[in-house]
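Student: I have a structure open and would like to test the words we use for it. Could we go through them one at a time?

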Amino acid sequence: EAGAAGLASSFDFSEIEAGSDETHHVAEGYDADILLRWGDPLFPDAPALDPATQSAATQARQFGYNNDFVGYIPIENSSAHGLLVVNHEYTNAELMFPGLATLSRKNGPLPLSPAQIAVEIAAHGGSVVEIRREGGKWQPVLGSPYTRRITAETPMEITGPAAGHPRLQTAEDPTGRLVRGTINNCSGGLTPWGTWLSGEENFHYYFQGKLPEGHPEARNAKRYGLGAPQYSWGGVHERFDLARTPREPNRFGWVVEIDPFDPGSVPKKRTALGRVKHEGAAGILARDGRYVVYLGDDERFDYVYKFVTAGRVDPGSRAANRDLLDSGTLYVARYDADGTGTWLPLVHGQGGLDAAAGFESQAEVLIETRRAADRLGATRMDRPEDIEANPLTNRVYVMLTNNGKRTADQVDAANPRPNNAFGHIVEMMPDDADHAATGFRWEVLVRCGSPAAGATFSAETSANGWFGMPDNCTVDGRGRLWIATDGNSRKATGRADGIWALETEGPRRGTARHFFRVPVGAEMCGPCFTPDDQTFFVAVQHPGESEDEAAPASFEQPATRWPDFQPNLPPRPSIVAVTRKGSGKIA
Ligand code: FEO
Ligand code: CA
Ligand code: CA
Ligand code: CA
């Protein structure tokens with residue numbers, strides 16, 4: 001059936017029942033196979049996961065923890081052979097290690113040993129895994145020359161306008177251009193030149209200690225929420241102690257670009273894309289061939305950004321695009337009540353971003369991106385997570401996951417609900433359908449949650465079809481929007497997180513349908529299609545985590561032991577490959 005833009009926009013799978021139990025569920029007629037689990041060997045010499053003997057050395061050769069972003073990069077244009085790139089956002093020590101029962105990370109760092117901290121550090125970062133589909137089933141290719149683990153220790157280069165700035169210099173790195181590792185890599189994106197962009201999100205959790213009294217970074221640290229650590233790395237590693245390395249946090253909060261085809265390549269932190277709590281970094285070409293990356297900053301009352309490169313993508317040469325993301329313009333969005341909006345440039349010397357305001361250079365505008373955006377009068381949003389452009393319509397979808405702190409006197413047209421527990425989705429239409437344009441129109445596509453909570457899904461949406469807390473999203477090859485959620489069960493909706501398909505075109509616009517659901521305690525990440533739409537990779541993050549702050553789950557007593565259900569194994573975050581029984585596209 002044709003939608004407004006000529007899309008085949010209707011979904012044709014049998015909806016699953018919303019609910020929550022110890023395992024995952026997918027629509028009838030589909031297989032949902034476990035492809036990669038935390039601790040799975042990625043190299044021929046790596047051991048299988050054994051919680052009793054797990055070490056940093058084994059973890060660095062195994063699939064990491066808490067898979068979030070998933071990207072599929074075809075090899076020779078194949079939808080049956082390619083590289084899977086995966087972010088490992090964070091660790092649940094209470095589920096990974098025995099003996100931490102009844103402790104909650106939310107109350108501050110768990111008391112881990114240096115060896116356990118080393119495992120955590122090795123379980124962060126990302127994985128590059130060559131995968132192949134044979135006989136209908138996907139398998140990792142053990143011994144692939146592309147296999148790579150990136151961790152919170154992997155050497156990286158800082159590039160772009162802030163590289164080398166004194167505020168990025170430390171005793172360990174007086175150049176301000178080299179940093180060890182990446183942390184809290186949430187969502188991301190793939191570029192047309194075959195690289196992987198990975199967003200550093202909640203970096204503030206990793207820094208312990210207090211800045212020295214009167215330190216010049218105090219205002220900056222406050223704006224990013226430093227001082228509420230959830231990890232105890234600072235007790236072992238000087239660079240994660242604010243008292244000893246006060247500028248180290250300035251070296252995190254960036255978008256990292258990784259070349260998955262060269263396992264020896266040094267990942268680059270691209271400072272031109274700003275320093276925020278980056279969720280995703282999905283991009284699209286502008287009319288004239290420049291590349292545009294949409295960027296969410298996942299914090300209550302923070303902003304939606306985009307970056308437009310100065311140069312154009314050269315489709316014929318990977319090398320020509322190598323440093324494209326080092327030059328361009330970062331913008332922040334202002335949504336006006338009349339349904340129009342403006343992208344405000346974060347450029348030193350413009351809009352009051354000058355020395356009088358404490359910005360001596362473009363480097364400082366980028367290091368303190370949030371404060372610069374505050375000055376421009378951008379619209380304070382309800383936690384912007386993934387943002388994806390639909391290449392068939394050029395409409396852009398912004399997942400605004402929730403904001404329980406917005407009060408009735410703080411609502412605006414783009415964030416219309418006080419105490420926004422279930423979030424909403426904003427649709428943006430760039431002027432002239434050009435992603436480089438500085439003007440746009442926008443509307444709220446849907447207010448999420450249950451009908452009782454004032455949601456605005458279409459009347460056709462079933463009792464299973466509504467969802468709250470949109471987080472990740474992707475657009476399939478036919479231009480259809482799929483949404484992954486985070487937090488439904490915590491709001492006592494009786495439903496686990498999962499995947500919902502959402503109609504965006506034609507008379508069914510606003511109709512949602514439930515496709516997949518995660519086991520108890522998990523959130524849904526990924527998601528990602530192969531180019532032929534025959535495989536849908538989804539990421540199950542933190543299965544078995546407690547949904548009740550008062551009753552933390554543990555290694556000994558997880559909320560589920562998915563996916564192995566072995567008494568000696570804790571739950572394991574895993575990538576699931578969904579395919580149609582027999583064969584065919586995901587309908
Ligand atoms: Fe890592 Fe915004 O979720
Ligand atoms: Ca997220
Ligand atoms: Ca996405
Ligand atoms: Ca989330």
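Tutor: Gladly, and let's start with burial: in this predicted model, buried residues make up 56% of the 587 residues in the chain.

Student: What makes a residue such as Tyr294 count as buried or exposed?

Tutor: The cut-off for buried is 20 or more other C-beta atoms within 10 Å. Tyr294 has 26 other C-beta atoms within that 10 Å, so Tyr294 is buried.

Student: Where does Tyr294 sit, and which residues does Tyr294 touch?

Tutor: Tyr294 belongs to strand S15 (residues 290-296). Not counting residues up to four places away in sequence, Tyr294 touches Ala282, Gly283, Lys306, Ile387, Ala389 and Val396. Take Lys306 from that list: Tyr294 and Lys306 are 12 residues apart in sequence, and 4.4 Å separates them C-alpha to C-alpha.

Student: How do you know whether Leu330 is buried or exposed?

Tutor: By the same test: Leu330 has 27 other C-beta atoms within 10 Å, and the cut-off is 20 or more, so Leu330 is buried. Leu330 lies in strand S18 (residues 328-335). Beyond four places in sequence, Leu330 is in contact with Ala272, Leu273, Gly274, Tyr305, Phe307 and Leu346. By contrast, the C-alpha atoms of Leu330 and Thr393 are separated by 23 Å, with their positions 63 residues apart along the chain.

Student: Why is the chain called as compact as a globular protein of its length?

Tutor: First, the inventory: the secondary structure comes to six helices and 31 strands. The radius of gyration is 22 Å, close to the 25 Å that the globule rule gives for 587 residues, so the chain is as compact as a globular protein of that length. Along its principal axes, the C-alpha trace spans about 60 × 60 × 50 Å. As for contacts with a separation of 6 or more, 62% of them join residues 24 or more positions apart.

Student: Which residues touch the most other members of the largest nonpolar core?

Tutor: That core has 153 residues, and Leu273, Val332, Val398, Ile425, Ile483, Ile499 and Val538 touch the most other members. Helix H3 (residues 114-123) gives the most to this core, with six residues. In soluble globular proteins, nonpolar side chains tend to be buried together. For Ile483, the contacts outside four places in sequence are Phe467, Pro470, Cys473, Ile499, Trp500 and Leu502.

Student: How do you know that strands S26 and S27 pair?

Tutor: Pairing needs at least two bridges. Four bridges join strand S26 (residues 481-485) to strand S27 (residues 498-502), so the two pair, and they run antiparallel. One of the partners is easy to find: Leu481 is bridged to Leu502 in S27.

Student: What makes S1 and S25 edge strands?

Tutor: They belong to an open sheet of five strands, in the order S1-S28-S27-S26-S25, with antiparallel pairing. Strand S1 (25-26) and strand S25 (470-475) each pair on one side only, and they are the edge strands.

Student: Why is strand S23 called mostly covered?

Tutor: Strand S23 (residues 424-430) has seven residues, and five of them are buried. Strand S22 (residues 396-400) joins S23 through five bridges, antiparallel, with Leu400 partnered by His424 in S23. S23 also pairs with strand S24 (residues 439-447) over seven bridges, in the antiparallel sense; there, the bridge partner of Met428 is Trp442.

Technical notes
Residues numbered from 1 in each chain as written. Chains lettered and ligands numbered in written order. Predicted model: local features only at pLDDT ≥ 70, side-chain atom pairs only at ≥ 80, totals over all residues. Core = buried A, V, L, I, M, F, W, Y, C linked by C-beta atoms within 7 Å. Buried ≥ 20, exposed ≤ 12 C-beta atoms within 10 Å, placed from the backbone. Contact = placed C-beta atoms within 7 Å. Rg over C-alpha atoms; globule rule 2.2 N^0.38 Å.
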